Each structure stands twice: as C-alpha cells, then as structure tokens.
Amino acid sequence: MADEFSRFHPIVNILFFFSVPVLAMLRMQAGLTVISLGSAAIYYFYLKGTSGLKYFGVILVMFLLTVMINPLFSHKGADLLFYLPTGNPVTKESVLYGIFMGIMLCGTLLWISCMNLVVTQDQWIEFAGRWIPHFALLLSMIFSFIPKYTRQIQKIHLAGKAVNGEPLGKKAKLKNAFLTFSIATTWALENSVDTVNSMRARGYGSGKRTTFHRYRITVRDGITIAWILCCGILVVTGLVGGRTGTLYYPYYVVWGDAVTYSAYFLLCMTPLGINGREALRWRRLKFKI
C-alpha cells in the first residue's frame, strides 16, 4: 500500500522512528508501551497487509517467551502467586514486569520493521552523508557488497555442484562449505583491491568532496519535525516530572495524565494521520474531476 510518510525527508522519518520506541523505553511506563505496540501493529499491517502475519506470529512467540522467562529469574514482589517446583516464588509483580517488558520489546521490533519498510538505503545514505560523509560512503559500500557477496556464494556453490556433484555426508558438506567460503572470501578481497584502485584513479581523497543531495526539506517536513519534537517534549516532561510512570516493585502501581498519553498517542499515529489526510485529499480531487 502507498505510504505518503515514506516520501518525507529522511530526517523526518528517522527522527520519528527513533523517538517513538525510545520514549516507550525511557521509563517503560505501562500505558505508553501498550500505545506503542498497538500503533506499531496497526502501521505494520497498513504497510504489509496480510503478508505480515508470519512475522507478527514470530513477535507473539517472543512476547510469550519474555513473559515466561522473567518470573523464572526475578522473584521480587510482594504478591505471591505460587511456588515453582524448584521452590522459587512467582510473584504478580514479576509476571506483570515480564508482560510489559514483552510488550515494549515487541513494539520496538515492529517499529524497526516499519522503519525498514519506510526508510530506504538511499535515505540512510542521504541522512548520513550530510553529517558523516565517510560513514555514508562506508554504508553505501556495505549495502552494495552484501548482495554481491551472497550472489557470488550462490554462483560458487552451483559451479562446484555442476563439477563435483552434490556432496554426500556431513563431512563432505562441511568441507564443501569451507571451500565455498574460502573462494568467496578470496573473491571479496580481490574485489576490494579493484575498488580501491578504481577510487584512487578517480581522485578520491585528493581534495574536498562535493555531494549531491537528492532530498530537500520542505515546509511540510519542517512542520512535521516541529510536531514530533513538541509531542516528544510533552511526553518527556510527563515522564521526568513524575506525572506519568509505573512502579513494578515491590508493588505494581501505574499512574498517568491525559496530556502525556494523548501526546504519545498522536505522535505514534502521525504516519497514519498523514496517510489518511492524503487519501481524503485524493478522494476530494477525484470528485472534482
């Protein structure tokens, strides 16, 4: 599905995807983690559709593992639920901490998945190129090298299979894997030497570099950046000021104010709000035709 938010400046996209999970992790406030997970799930399925169900299933498994593992190692809390066969107590507070830890973890992973769908390699290079050009060059080389290296390994494997046939037995397969890796590594080293010679022949490092910037910050980018910063400041103020928080040990206590919750909810729903506004705009234009 078309995503209007992905057409914004890379600074806007990266600022948003950095702010949202960090604010949820800042104090692991129960309400904010739930809002983060719910918003991330909605946006993820908006981008992926039903094809995202498989990954979402993996996320649910990780959530269940987190919920089960935490009470096994953390026995703090005042409300005892039961004893494990090992004699260790399981408390309500440790279970709740595991639940909200799992919610925070799953929400963060979903936001990272959304970021990978929205922010392209070109946008990462554009973002890094403005501030750290050498890192941007390294990043672009890594992005191009990984698929090349993978394709080369496949070519070597198919060539070896055509010449020597399919290896039989675990020992033969292991030997063939080491041989393939060795050949691919040799190819990578030779390719890096060719890249260095090509860059040197083109004058890289001989003078000050100039860069071409494809993206320009527009008015809507500036408004969105201001919106993200304002919402983020309201959330941070609520968390640091003590108006919103969660106490897990020794007793589970959660409190919050409407301003902090509303600011964080509106921040998380920013991409969907932008897409909804764009959809209404296109529908209005179609009616005028």
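Helices and strands are runs of residues assigned by DSSP, with at least four residues for a helix and at least two for a strand, and they are numbered from the N terminus. With that definition in hand, please open the structure, which is a predicted model.

**The whole chain**

Begin by displaying the chain as a cartoon. It contains 10 helices and 4 strands. Followed from the N terminus, the elements come in the order α-α-α-β-β-α-α-α-α-α-β-β-α-α. Next, switch on the surface: about 17800 Å² is accessible, and carbon and sulfur atoms contribute 69% of this area. Of the 289 residues, 35% count as buried. Among contacts with a separation of 6 or more, 74% join residues that are 24 or more positions apart.

**First stop: helix 1 and helix 8**

Select residues 10-27, which form helix 1, together with residues 219-240, which form helix 8. Two packed helices are described by the angle between their axes and the distance between those axes. Here the angle is about 10° and the axes are 10 Å apart. Helix 1 is therefore roughly parallel to helix 8, since angles under 35 degrees are classed in that way. To see the contact itself, show the side chains of helix 1 that take part, including I11, L15, F16 and L23. On helix 8, the residues in this contact include I225, I228, G232 and V236.

**Second stop: M28**

Now select M28, in the loop between helix 1 and helix 2. Is M28 buried or exposed? M28 counts as buried because its relative accessible area is 7%, and the limit for buried is under 20%. The backbone deserves attention as well: phi of M28 is near 50°, a positive value in a residue other than glycine.

**Third stop: helix 3**

Move on to residues 53-73, the 21 residues of helix 3. The distance from the first C-alpha to the last is 31 Å, close to the 30 Å expected at 1.5 Å a residue. Colour F56, I59, T66, V67, N70 and P71, which are buried. Why do these residues lie on the same side of helix 3? They do so because they cover an arc of only 110° around the axis. In general, an α-helix has 3.6 residues a turn, so residues three or four places apart point the same way. On the other side of helix 3, K54, M68 and F73 are exposed. To find what covers the buried residues, display the surrounding elements, among them helix 2 (30-48), strand 2 (89-91) and helix 4 (92-118).

**Fourth stop: H75 and L81**

Continue to H75, in the loop between helix 3 and strand 1. H75 counts as partly exposed because its relative accessibility is 28%. Beyond its neighbours within four places in sequence, H75 is in contact with N88, P89 and T91. Measure also from H75 to E93: they are 18 residues apart in sequence, with their C-alpha atoms 8.6 Å apart.

Then select L81 in strand 1, residues 80-83. L81 is partly exposed, at a relative accessible area of 48%. Which residues does L81 touch, not counting those up to four places away in sequence? They are V90, T91, K92 and V95. From L81 to T91 the C-alpha distance is 5.2 Å, although 10 residues separate them in sequence.

**Last stop: P250**

Finish at P250, in the loop between strand 3 (245-247) and strand 4 (253-255). Display the backbone here: the peptide bond from Y249 to P250 is cis, with omega near -5°.

Technical notes: Residues are numbered from 1 along each chain as its sequence is written. This is a predicted model: local features need pLDDT of at least 70, side-chain atom pairs count only at pLDDT 80 or more; totals for chains, interfaces and linings use all residues. Side-chain values use heavy atoms; hydrogens and water are left out. Buried means under 20% relative accessible area, exposed over 50%, partly exposed in between (1.4 Å probe, protein chains only). Contact means heavy atoms within 4.5 Å. Accessible areas come from the Shrake-Rupley method with a 1.4 Å probe; for residues, only the protein chains shown count as cover. The expected span of a helix is 1.5 Å times one less than its number of residues. The arc is that of the directions from the helix axis to the C-beta atoms. Axes are lines fitted to C-alpha atoms, for helices over the stretch in contact, and angles run from 0 to 180 degrees between N-to-C directions. Angles under 35 degrees count as roughly parallel, over 145 as roughly antiparallel, 65 to 115 as roughly perpendicular and the rest as oblique.
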